[in-house]
Amino acid sequence: MAKKVRVRFAPSPTGGLHLGGVRTVLYNYLFARQHGGDFVLRIEDTDQSRYVPGAEEYIYECLKWCGLNPDESPLAGGPFAPYRQSERKSLYRQYAEFLVQEGKAYYAFDRPEELESMRERFKTAENPSPQYDHKVRQDMRNSCSLTFEETERLLADGVPHVIRIRMPENETVSFTDMIRGEVSFHTDLVDDKVLLKADGMPTYHLAVVVDDYLMKITHAFRGEEWLPSAPVHILLWKYLGWEAEMPQWAHLPLILKPDGNGKLSKRDGDRLGFPVFAMNWATKKEDGTTELTKGFREMGFLPEAFINMLAMLGWNDGTDQELFTLDELIQKFSIDRVHKGGARFDFEKAKWFNHEWIKKADAGSLKADVRRVLGEKGLFIIDDAQLEKVITLVKERCTLLADFAEQAGFFFQTPQQWDVDAIKPKWNEAKQTFFGDVITYLQQQTNWNAADLEHGFKELAAAKQIKAGEVLLPLRIMLVGGKFGPGVFDIATIIGKEETVKRINNVLALLK
């Protein structure tokens, strides 16, 4: 490409980071890395009324967990600092005032009650929510309807005002979207958006254009919900004289509900029992209590699986491959293979990705997470080598990291209860005696390995004329507590001779 690629993710610090937001980060990141470009994180905190303390730090933590670290950000700094819009406040008014001087924007002095009155006066069955546009602008209190002298007097008196873009009448605004091709809008359907608020802060519409220009952004990827705003932004690039520097646009498809229509929301996750945020997010309610919304990280997803799953929500490389490392995604990602239509979220498929990534992971990389999961159950593991052996044995049985508590916990703690009801129906004196002999056999063993233990156990069963299959399940329940787990002799090898004998004796006492 002629210019160095520069992309940005510009979230508002107002709450949890939706998986759609992380997917936008991912596609930006992949595109930048593929083209040797820069990925910029810019915090759009111009709406101070919606600002939530801690939300910005939460965004950094989410991106860090996902391994999608920006090249430039409020934390990392960079040549186009500051990267927090509230710290760039002094920049924006000059551009808004320039637009007023050029006749492309105007001062509006309307009070809230006047805006409300306008909406009531112009409301019809066909137009239940009237907009502030070319049809009503002359009936309102602004510099289009007032004389120059009246406008100057109001400004001199410090009367609160906003600056609105003056949308042209009966024009078509078109642009080429990297995903959707040619997109057109009729200006009569777009209202005169506020560009600068009464407190001097810019709205998203002005700030995003000014910042993208000043930060030399070459490509702007964002969700398709921003498509209706595109004509305003395109006209601002044109009116400010920057049309030649305008980034290429790509409006990404929505992530849809698993059932029904529309964008996936937090309510859908609450209703159907799955997360929609990357990480846990705590919301303070009006009554002073805190509502915790669970995230993918805390539910037990690996970041590799989360990223892989998100990449496939609206994109594929044209093959049947589904599992991709981040490096493979960087190599294979192409914006022209992003789908136009929305992608329906499937939590079962998300869990499949996680299961596959847990299976692929080596024990060493899972060790810290598994140690944490076991620690939450009161099991504090010191022996690294033993922990890695256990992880290798059980990881194929784990879909979420939390599953290691059940699948690995019994290696480090004697079961407190056993499924003896599964043993009793076929239990008899011969089997009781057989397991007494098994204890004697185990205590005499000098080679404590799975193959030798299995061979000796089966030989002893044959000598007692007992089918091995009839005593393997009781042995498993004795060692594990239930009908699950990896190879029973692998379990015995890891927990050791003394613990194996102790567990058998525990259940024999219950079965007497």
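Two strands count as paired if DSSP finds at least two bridges between them. In this predicted model, strands E3 (residues 105-108) and E4 (residues 162-165) qualify, with four bridges joining them, and they run antiparallel. Tyrosine 107, for instance, has isoleucine 163 as its bridge partner in E4. The side chains of E3 split between two directions: Ala105 and Tyr107 point one way, Tyr106 and Ala108 point the other way, and all are buried.

Now for the nonpolar cores. In soluble globular proteins, nonpolar side chains tend to be buried together. Here, the largest nonpolar core holds 60 residues, and those with the most contacts inside it are Leu19, Phe296, Phe306, Met309 and Phe345. Helix H1 (residues 19-34) is the top contributor to this core, giving nine residues. As for methionine 309, setting aside residues up to four places away in sequence, it touches Phe296, Phe345, Ala350 and Phe353. Apart from this core lies another one, made up of 57 residues, with Ile439, Val501, Ile504 and Val507 among them.

Helix H19 (residues 488-495) is a short stretch to look at in detail. It is mostly covered, with six of its eight residues buried. Those six are Val488, Phe489, Ile491, Ala492, Ile494 and Ile495. What do they pack against? The buried residues of H19 pack against four helices: H14 (384-394), H17 (450-463), H18 (468-480) and H20 (497-511). Right after H19 comes glycine 496, which has a positive phi, near 95 degrees.

H19 also turns up around an empty space inside the model. The count comes to one cavity of 30 Å³ or more, and about 60 Å³ of space lies in the largest cavity. Its lining consists of Val438, Leu442, Leu453, Phe457, Leu475, Leu479, Val488, Phe489, Ala492 and Thr500. Sorted by type, these lining residues come out as nine nonpolar, one polar and no charged. Helices H16 (429-444), H17, H18 and H19 each supply at least two residues of the lining, and H19 gives the most, with three.

Finally, there is glutamine 407, which sits in helix H15 (residues 404-409). Is this residue buried or exposed? Glutamine 407 counts as buried because its relative accessibility is 11%, and the cut-off for buried is under 20%. Leaving out residues up to four places away in sequence, glutamine 407 touches Val394, Arg397, Cys398, Phe484 and Gly485.

How values were computed
Residues are numbered from 1 along each chain as its sequence is written. This is a predicted model: local features need pLDDT of at least 70, side-chain atom pairs count only at pLDDT 80 or more; totals for chains, interfaces and linings use all residues. Side-chain values use heavy atoms; hydrogens and water are left out. Buried means under 20% relative accessible area, exposed over 50%, partly exposed in between (1.4 Å probe, protein chains only). Contact means heavy atoms within 4.5 Å. A nonpolar core is a set of buried Ala, Val, Leu, Ile, Met, Phe, Trp, Tyr and Cys residues joined through side-chain atoms within 4.5 Å. On a 1 Å grid over the protein atoms alone, a cavity is a set of points where a 1.4 Å probe fits but cannot get out, and a pocket is an open set with protein on both sides within 12 Å along at least five of seven lines; lining residues have an atom within 4 Å of a point. Grid points are joined across faces, edges and corners, and a volume is the space filled by probe spheres set on the points. Ala, Val, Leu, Ile, Met, Phe, Trp, Tyr, Cys and Pro count as nonpolar, Asp, Glu, Lys and Arg as charged, and the others, Gly among them, as polar.
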